Amino acid sequence: YYSKPTGELELLKTPGVDTGMGLERLAMVSQSKQAIFETDLFQPFSDLLPLRMSKQTKRILADHARAIAFLINDGVLPSNKDAGYILRRLIRRYIVRMQGSSAHDYLTLLGALIEYYKNPYKDLDQEKIFATFQDELSKFEKTLAKGISELKKSKTLTAVSAFKLYESYGLPYEVIKDLGQDKAEQLTREDFDREFAKHQEISRAGQTKKFGGHGLLLDTGELKAANEEEVKIVTRLHTATHLLQASLRKVLGEGVHQAGSDITAERTRFDFTFGRKLAPEEIKEIERVLNEAISRDLRVEWKEMDFEEAKASGALYSPREKYPSRVKVYSAFDEKTGEVFSKELCGGPHVLHTKEVGKVAILKEEAVSSGIRRIRAALVP
């Protein structure tokens, strides 16, 4: 029936019942099971785990293994924000729940799951999933033992002490709650989140103090400047950052994509997707290509267009960012030949000609998280 605002019921033209049960619950019913974890979607993997493990732990591990495999396969990498943060939490909880096991055990479960699901999902890439998981495992194991040792010393876990464990050793709330057991009985997600928010405010206050005490003349989230002079500098660095991304793609390949940036009057900080440390000669070549583009005095201009049209034009954009229906596309191009060096969605501000940028030096290249690298660069005389 269709329920009218008056409460009157009207027979539907096409009768049906929407139970909201989904495929997994339907499988549970059709296989006469009491829970989805007893179906053939999960049970084979729970059976691989040691008998000493509780039913709840086995279910968590089977569920997390599947989520980890599919997130990595879809291109998500462990990080401290967005989907990457969810993946990192899942991997770390998976590792903690497997405590006492070896790296082989972690991969045995993941491998069995990948093999099983490969029939309908033929693009599951075991090599990629294993490599990303093992990289995060090696990073987390270094601090996990210390974190667990500190956790065991605590008599009672409060939001303050739990956040300290998170801040110092990277132990997520779920891991602290799992391992803390009776000690963490009074610890709630709400209290932990409040403590987290409090530290974010302290961090923001520090940033405000750093950039002029009473606020910024320019703060787009990406660009920060305290006065008119700094606005001019960050504008030059903003254009340089676009040219940097284009240079990275020309030297390292089109698999490079922006993963974040932060620009102040002192420097630009650019995060990008890449699976390994850059060689010194690669950094030199990127810097050379970047400064050569600047010296060519390319024209920089923008056009407003529909988002779909912008995508079709080949303009770079972030798949994880939400864009309005109309966007600005900034291009740096050679006015004589029409050759486009850089083209991406952006809100500005930019210089009009690349020579206004001046010379740029790459100061440092480092890892941020699995599959994400960071370059710091600055304007030099």
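This report describes the fold, the sheets, the helix packing and three single residues of one chain.

## Overall picture

The model is predicted. Its mean pLDDT is 85. A score of at least 70 is reached by 93% of the residues. One stretch falls well outside that group: residues 210-214 stay under 50. For this stretch the model has six contacts beyond four places in sequence.

The chain has 381 residues, and 42% of them count as buried. It holds 12 helices and 11 strands. The C-alpha atoms fill a box of roughly 70 × 65 × 50 Å along the principal axes. Take the contacts with a separation of 6 or more: 59% of them come from residues 24 or more positions apart.

## Two open sheets

Start with the sheet of three strands. It is open, its order is β7-β8-β9, and the pairing is antiparallel. Which strands stand at the edges of this sheet? They are β7 (299-306) and β9 (340-345). Each has a single partner strand, so one side of each lacks a neighbour in the sheet. From one strand to the next, the twist averages 20°.

The β7 and β8 strands run antiparallel and are joined by eight bridges. Strand β8 covers residues 326-333. One pairing can be picked out by name: Glu301 has Ser331 in β8 as its bridge partner.

The other sheet has four strands. It is also open, with the order β5-β6-β11-β10 and antiparallel pairing. Its edges are β5 (258-263) and β10 (359-369). Each of these has a single partner strand, so each has one side without a neighbour in the sheet. Neighbouring strands here are turned by 20° against each other on average, direction ignored.

Strands β5 and β6 run antiparallel, with five bridges between them. Strand β6 spans residues 268-273. Within it, Phe270 is the bridge partner of Ser261.

## Helix α10 across a sheet

Helix α10 covers residues 228-252. What does it lie across? It lies across β7, β8 and β9, and runs at about 115° to β9. The helix has 25 residues. From first C-alpha to last it reaches 36 Å, close to the 36 Å expected at 1.5 Å a residue.

Helix α10 is mostly covered, with 18 of its 25 residues buried. Gly253 follows the helix. The phi of Gly253 is positive, near 110°.

## Helices α4 and α6

Two packed helices are described by the angle between their axes and the distance between the axes. For α4 (residues 82-97) and α6 (residues 126-153), the angle is about 65° and the axes are 10 Å apart. The crossing of α4 past α6 is right-handed.

Which residues meet at this crossing? From α4 come Arg88, Ile91, Arg92, Tyr94, Ile95 and Val96. From α6 come Phe133, Glu136, Leu137, Phe140 and Leu144. An α-helix has 3.6 residues a turn, so residues three or four places apart point the same way.

## Three residues up close

Three side chains round off the account. The table gives their burial.

| Residue | Relative accessible area | State |
|---|---|---|
| Asn73 | 11% | buried |
| Asp63 | 29% | partly exposed |
| Asn291 | 16% | buried |

Asn73 is found in helix α3, which covers residues 55-73. Why does Asn73 count as buried? Its relative accessible area is 11%, and buried means under 20%. Leaving out residues up to four places away in sequence, Asn73 touches Asp123, Leu124, Asp125, Lys128 and Ile129.

Asp63 lies in helix α3. With 29% relative accessible area, Asp63 is partly exposed. Beyond four places in sequence, Asp63 touches Phe37 and Phe42. Asp63 and Lys118 are 55 residues apart along the chain, and their C-alpha atoms are separated by 16 Å.

Asn291 lies in helix α11, residues 280-295. Asn291 is buried at a relative accessible area of 16%. Which residues does Asn291 touch, not counting those up to four places away in sequence? They are Gly358, Lys359 and Val360.

How values were computed. Residues are numbered from 1 along each chain as its sequence is written. This is a predicted model: local features need pLDDT of at least 70, side-chain atom pairs count only at pLDDT 80 or more; totals for chains, interfaces and linings use all residues. Side-chain values use heavy atoms; hydrogens and water are left out. Buried means under 20% relative accessible area, exposed over 50%, partly exposed in between (1.4 Å probe, protein chains only). Contact means heavy atoms within 4.5 Å. pLDDT is the predictor's confidence in each residue, from 0 to 100. Two strands pair if DSSP finds at least two bridges between them. Axes are lines fitted to C-alpha atoms, for helices over the stretch in contact, and angles run from 0 to 180 degrees between N-to-C directions. The expected span of a helix is 1.5 Å times one less than its number of residues. A crossing is left-handed if the near helix is turned anticlockwise from the far one by less than a right angle, and right-handed if clockwise.
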